[in-house]
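The following exercises are to be worked through with the sequence and the coordinates at hand. Each task is followed by a solution in steps.

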Number of protein chains: 2
Amino acid sequence: MTHQSAVKLGITPRLFAERFGDSAAQAAPGAVFNHPDALAGFAADCEVLTFEHERIDIGLLKALEDTGVLLRPGTKTIQAAFDKIHQRRVLKNRGFQVPAFAEVRGPDDVFDFASEHGWPVVLKTVRAAPPGELGVWIVEDRHEAMKVLAERSNLQLMAEELQAIVKEMVVLVVRRPGGNTRCYPIAEITNQDGACKEIRAPAAVGKRLGAEVVQVALDLANALDTVGVLAVELFLTTEGLVVNELAARPHNAGHWTIENCPTSQFENHVRAVLDLPLGPTWSNAPAAVTINVIGTLDGIDPARHLPEALAVEGAQVHLYGKLPRPGRKLGHVTAVGHDIETARALARRAEAALHGRRPS
Amino acid sequence: MTHQSAVKLGITPRLFAERFGDSAAQAAPGAVFNHPDALAGFAADCEVLTFEHERIDIGLLKALEDTGVLLRPGTKTIQAAFDKIHQRRVLKNRGFQVPAFAEVRGPDDVFDFASEHGWPVVLKTVRAAPPGELGVWIVEDRHEAMKVLAERSNLQLMAEELQAIVKEMVVLVVRRPGGNTRCYPIAEITNQDGACKEIRAPAAVGKRLGAEVVQVALDLANALDTVGVLAVELFLTTEGLVVNELAARPHNAGHWTIENCPTSQFENHVRAVLDLPLGPTWSNAPAAVTINVIGTLDGIDPARHLPEALAVEGAQVHLYGKLPRPGRKLGHVTAVGHDIETARALARRAEAALHGRRPS
């Protein structure tokens, strides 16, 4: 989607992909694939480098930056975005509210954390979880904690206290080098089985809370000196507003901007990375709802049900051309409307159709 | 743009391009380039074939169809769309109003036509003109006619009577195999130096004329048994409505549908060609204006002025990544708004910015 936004502006970006079957490689011509030493040569041919996920070696990016390659965002932002422990420390030091957290090197760290903050404890991966895999576990006691640690011994984990969440929100800020920023309307998200399932924009928040959320996001973008889209995930808890996570790239919770904003998050990311004027970020229709199309256990391929989904008048169907696997994000549907309920009903019908069922 | 619409639906189309530098080849991965005998092998790997311009050998397409390749639209439509003499005959035989016309094999055909219909005479190419070249000349007398015929001896020409044009309109119909059709709002176009310059949608026409235009377009789509987008260019003359030309593909006069319709002409073309349900074709905002960005004599590259154009708040800038040449279509800008004048002012500002000047 980033590639398409660049092509619209007459720019043909080059893609460095991990594997031949990657979604982006299906859409972008002339992709270079990952092999030893390929990245440096690739980077040398590029005016500026950006990325679309966090499963990248930070050391590799730092080394590139040291040789004069222009990374946008730069490694200062990347480190905060890629490493959730580092992220929490940066946020905390700068006075943003974050959940209590601790590094986990072994079971004792979890037990110590629990004795201070109580059970249950949230365990999560410090780096982005592998695609299609869970990155968050809520453990109720020592036994459950030991089980997750044993099963995920290959992953670096962290502990945090469980939040009494009233609402989960994502706000997207886009920022040019030099500090010009724009903010998209706040979106509200609903998770299912540990993955983001539904995104509603605008979020149902009052003006005061809305202004507070936007201010936090703008302050963060400036504090990190980021370039491009910064997605700020926030919890409204019974104790107030806390910053959950950051992503320094176009975000799944901003896909609705394709259909409902004059400039999508993808186009504004491209504009920011190339230091071009940012486009307007307002909503056209009063409401937009996106539902992620996630692979189910029965292994049904949503692409087989494309005709039924396209028959849902007015729903926008996006499929990523991926092989169906349980838990894998295979696409999304967006609907816009005069109110959230109308848009959601339409999006739900299209999403259900892709799974060959009626909306629940 | 067709490629991007297919990718959105999880479909990765293969591209058969003429040259390496073609715009479409810059956007689509794995393009196959024109070389002897490549087309048959390419076609054998495809479920269905469609096209995006008319500079294709009809005989070649007919031969493909004879070997069982599925062409959408099929050669019946293609012949009427590619050959303007054949097109006029088909239209006339089916009772549609068309300008008087004649085949031109030599100067005498023009002189005979002029003695029946008077000067000036319109000379035009029977097949699509080469990209960036004029395909229409208005000749006032024998001398001017001889000059055009001599200079364009490599092209097959036709003569037609000059119309007293009140308005020039384009209406896009999209049709599935089996006959399901949808029609986009009528657009009104303005030409400059023989090329389409500005497209305004909706056209300023009354309900009765609007209904007549839509009926002509739907009748034509059905008469030709077309599949995909059929663009019908009509003149409102002082004598009434006449059909000027047809194009059986997404059309330059429909680019505004990207921003202002729930389903763009490109996505609906893809849906139709794959026999998938068509999407809605209504307008979101009350008005949309597209202005083509055409290469000027000074050879300025609009891409150099991208920052100024993107600074025009709310204008949608599309550049095609082509080398600038005088008369060449290098991109387009679209603006939507509450009325045509607001949208047009915005589009004009962005188009002027791309040429490094203020709007005229």
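**Exercise 1. A backbone outlier in both chains**

Asp225(B) has 13 other C-beta atoms within 10 Å and is therefore partly exposed. (A residue is buried if 20 or more other C-beta atoms, placed from the backbone, lie within 10 Å of its own, exposed if 12 or fewer, and partly exposed in between.) Residues are numbered from 1 along each chain as its sequence is written, and chains are lettered from A and ligands numbered from 1 in the order in which they are written. The model is predicted: local features need pLDDT of at least 70, side-chain atom pairs count only at pLDDT 80 or more, and totals for chains, interfaces and linings use all residues.

Task: Determine the sign of phi at Asp225(B) and locate the residue, then examine Asp225(A).

Solution.
1. Phi of Asp225(B) is positive, near 55°, in a residue other than glycine.
2. Asp225(B) sits in the loop between helix H9 (207–223) and strand S11 (228–237) of chain B. (Helices, H or I with at least four residues, and strands, E with at least two, are DSSP runs numbered from the N terminus.)
3. Asp225(A), which is not a glycine either, has a positive phi of about 55°, and its loop lies between H9 and strand S11 (228–237) of chain A.
4. Asp225(A) counts as partly exposed because it has 14 C-beta neighbours inside 10 Å.
5. For context, most residues other than glycine have a negative phi, and most peptide bonds are trans.

**Exercise 2. Cis peptide bonds**

Task: State what omega is at the bond between Arg72(A) and Pro73(A), and at the bond from Ala201(A) to Pro202(A).

Solution.
1. Arg72(A) and Pro73(A) are joined by a cis peptide bond with omega about -5°; Pro73(A) belongs to the loop between H4 and H5 of chain A.
2. From Ala201(A) to Pro202(A) the bond is also cis, with omega near 5°; Pro202(A) is placed in the loop between strand S10 (195–201) and helix H9 (207–223) of chain A.

**Exercise 3. Packing of a helix**

Task: Identify which residues of helix H5 (residues 75–82) of chain A are buried, and find their packing partners.

Solution.
1. The buried residues are Thr77(A), Ile78(A), Ala80(A), Ala81(A) and Phe82(A).
2. These buried residues of H5(A) pack against helix H4 (58–66), helix H6 (84–93) and strand S12 (240–247) of chain A. (Two residues are in contact if their C-beta atoms, placed from the backbone, lie within 7 Å.)
3. In chain A as a whole, buried residues make up 43% of the 360 residues.

**Exercise 4. Symmetry and interface**

Task: Establish how chain A is related to chain B, and describe the contact between them.

Solution.
1. A turn of 180° with a shift of 0.0 Å along the axis lays chain A on chain B with an RMSD of 0.0 Å. (Superposition is by least squares on the C-alpha atoms of residues with pLDDT of at least 70 in both copies; pLDDT is the predictor's confidence in each residue, from 0 to 100.)
2. The relation is therefore that of a two-fold axis.
3. Both copies use the same surface, since 100% of the contact residues of chain A recur in chain B.
4. Pro29(A) is the residue of chain A that comes closest to the rotation axis, at 1.7 Å (C-alpha).
5. Chain A and chain B contribute 31 residues each to the contact.
6. On the side of chain A that touches chain B, helix H1 (2–8), helix H2 (23–27), helix H12 (306–310) and strand S14 (316–319) give two or more residues.
7. The predictor assigns the complex an ipTM of 0.91 and a pTM of 0.94.
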